[in-house]
Amino acid sequence: MSSEKVVTRFAPSPTGNLHIGGVRTALFNYLFAKKNGGQFLLRIEDTDKERSTKAFEKNILDGLNLLGLKWDGEIVRQSERTEIYKKYLQKLLDEGKIFVSKETEVKEGGRAEVIRFKNPNKKIKFDDIIRGEVEFDTTELGDFVIAKSMDEPIFHFANVVDDFEMGVNRVIRGEDHISNTPRQILIGEAIGAPRLIYAHLPLILAPDRSKLSKRHGAVSLVEYMENGYLPEALINFLALLGWNPGGDKEIFSLAELVEKFDLSKVQKSGAIFNVQKLDWINQQYVRSMNYELRITKIKEELEKAGIKDLDKKILEKIDSVAVERISRFGEIKEMADRGELNYFFKAPEFPKEKLLWSPSHKATEDQGKDEKDFIKTKKHLEYVLEKISAISEKELNKDSVKNSIWEYAEKEGRGNVLWPMRYSLSGMEKSPDPFTLTELLGKEETISRLKKAINLLG
């Protein structure tokens, strides 16, 4: 590592929302710069006037801010630097390093004249921090285009000029850009820029090892945020895509990542995007986050599902169930949309056949025709009601309820006793166990729902 101050940059094009691959590139540039006491700069490459929009630029800036990846200095926008590029083009033209090319074959939408770089046709070697020595023979590139006109430089030229002018000396980007490097090195030499140090990151791959794309699910940052993932968890997960500090530890704060980051530990092969791993990491952050903030997040998700003005006690009860079940906050809305949280707000409605136990957890039509099954189920619920009524409100919790009923349930058959108890309280085939439900609902509401089920059984 040289003694010069490290300067990295993130240079997205505002032609779409900030995507996961872009976030990881920004993150690695940020971590490397901060680890080495350097600068992390931001450049908006908006020369594509037809596709670039301020809305996409805002999405990129908002995303970086949300993730805590704060850039140093002012934002540089290529659309505001036309005169600078023109100056460099004119200098190269005067020096005979570029020339105006009359195009013999003009494709639809193409130009009759373009500006081409006079290729010296030589081999170029550069040391990549991740990949080691890389060599290209630039002869096969021919005299390549660097501008459509003196006012319209293309990506390669503007990119090199900007890095030079901004003092960038480390370029950390995806490996799909590695083929751009020989052109950019030639341009850099032509304008008198010092040779940059490169690091090309492995691509993010889908589980089938194809390039990650929309067909594999969400790819933009905003989609992950809308699905209820936490910024800290996304940063943690993306840092471990293609890099590992060693050891078994997997949960890192941004500050810890800065402390441990080392580009030499980035793998060369593609990094598999494992959404199960992301869910697990996010779950750790959900469970450990500030309690009040988690309650607020739950409230926001329920409001998205149209459930508003909830008592804080109910929100706290939902939290006590959800915190062990969810991996991201979006699952709260999904559970609410499916009606899986309805028992928190109102007593369930169901046909009496649903109270009958069967190994499949569903009452069969034959069972529904046997009056003896209803009589037995009613007897079990009456026993449960009697035992819960005998527990004081102060002492009522899942353990005291379980202790008072368990021996009877073992004797009569756990499914025969606990299934109708749970269904009476939740009206659902999948819900917390009946002891937890009793604690959540409280003594008065539990007794009310048990009596309702008993009456339904006749």
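**Entry 1: the parallel sheet and its helices**

I began with helix 2 (residues 54–67), which lies across strand 1, strand 2 and strand 3 and runs at about 165° to strand 2. The model is a predicted one, in which local features need pLDDT of at least 70 and side-chain atom pairs count only at pLDDT 80 or more, while totals for chains, interfaces and linings use all residues. Residues are numbered from 1 along each chain as its sequence is written, and side-chain values use heavy atoms, with hydrogens and water left out.

For the terms, I took helices (H or I, at least four residues) and strands (E, at least two) as DSSP runs numbered from the N terminus, and contact as heavy atoms within 4.5 Å. Axes are lines fitted to C-alpha atoms, for helices over the stretch in contact, and angles run from 0 to 180 degrees between N-to-C directions.

I then looked up helix 4 (residues 155–166), which also lies across strand 1, strand 2 and strand 3, at about 145° to strand 2. The three strands beneath form an open sheet in the order 1-2-3 with parallel pairing, where two strands pair if DSSP finds at least two bridges between them. Strand 1 (7–10) and strand 3 (76–77) each have a single partner strand, so one side of each is left without a neighbour in the sheet. Strand 1 is joined to strand 2 (residues 39–44) by four bridges, and I noted that Arg9 has Leu41 as its bridge partner in strand 2.

**Entry 2: Asp162 in helix 4**

I stayed with helix 4 to look at Asp162, which is found there. Asp162 is buried, with a relative accessible area of 0%; buried means under 20% relative accessible area, exposed over 50%, and partly exposed in between (1.4 Å probe, protein chains only). Not counting residues up to four places away in sequence, I found that Asp162 touches Arg43, Gln78, Arg81 and Tyr85.

**Entry 3: the antiparallel sheet**

Next I looked up the open sheet of four strands, which has the order 4-5-8-9 and antiparallel pairing. Its edge strands are strand 4 (98–102) and strand 9 (152–153), each of which pairs on one side only. Five bridges join strand 4 to strand 5 (residues 113–117), and Ile98 stands opposite Phe117 in strand 5. Helix 3 (residues 82–94) packs on this sheet, where I found it touching strand 4, strand 8 (145–149) and strand 9, with its direction at about 90° to that of strand 4.

**Entry 4: helix 5**

I checked burial along helix 5 (residues 181–191), where nine of the eleven residues are buried, so the helix is largely enclosed by the rest of the structure. The buried residues include Thr181, Pro182, Gln184 and Ile191. Just after helix 5, I noted that Gly192 takes a positive phi of about 85°.

**Entry 5: two helix pairs**

I compiled helix 10 (residues 291–304) and helix 11, whose axes come within 10 Å and cross at roughly 100°. The two are therefore roughly perpendicular to each other, as angles under 35 degrees count as roughly parallel, over 145 as roughly antiparallel, 65 to 115 as roughly perpendicular and the rest as oblique. The residues of this contact divide into six nonpolar, no polar and six charged; Ala, Val, Leu, Ile, Met, Phe, Trp, Tyr, Cys and Pro count as nonpolar, Asp, Glu, Lys and Arg as charged, and the others, Gly among them, as polar.

For helix 15 (residues 398–412) and helix 16 (residues 414–426), I noted axes that come within 7 Å and cross at roughly 135°, which makes helix 15 oblique to helix 16. The residues of that contact divide into eight nonpolar, one polar and three charged.

**Entry 6: Arg328 and Lys387**

I looked up Arg328, which lies in the loop between helix 11 (312–322) and helix 12 (330–337) and is buried, with a relative accessible area of 15%. Its side chain reaches the backbone oxygen of Asn227 at 3.0 Å; a polar contact is a pair of N or O atoms within 3.5 Å, and within protein one must be able to donate a hydrogen and the other to accept it, while residues adjacent in sequence count only if both atoms are side-chain atoms. Leaving out residues up to four places away in sequence, Arg328 touches residues including Asp279, Asn282 and Glu334.

Last, I checked Lys387 in helix 14 (residues 371–389), which is partly exposed, with a relative accessible area of 29%. Lys387 and Ser404 are 17 residues apart in sequence and 6.3 Å apart in space, C-alpha to C-alpha.
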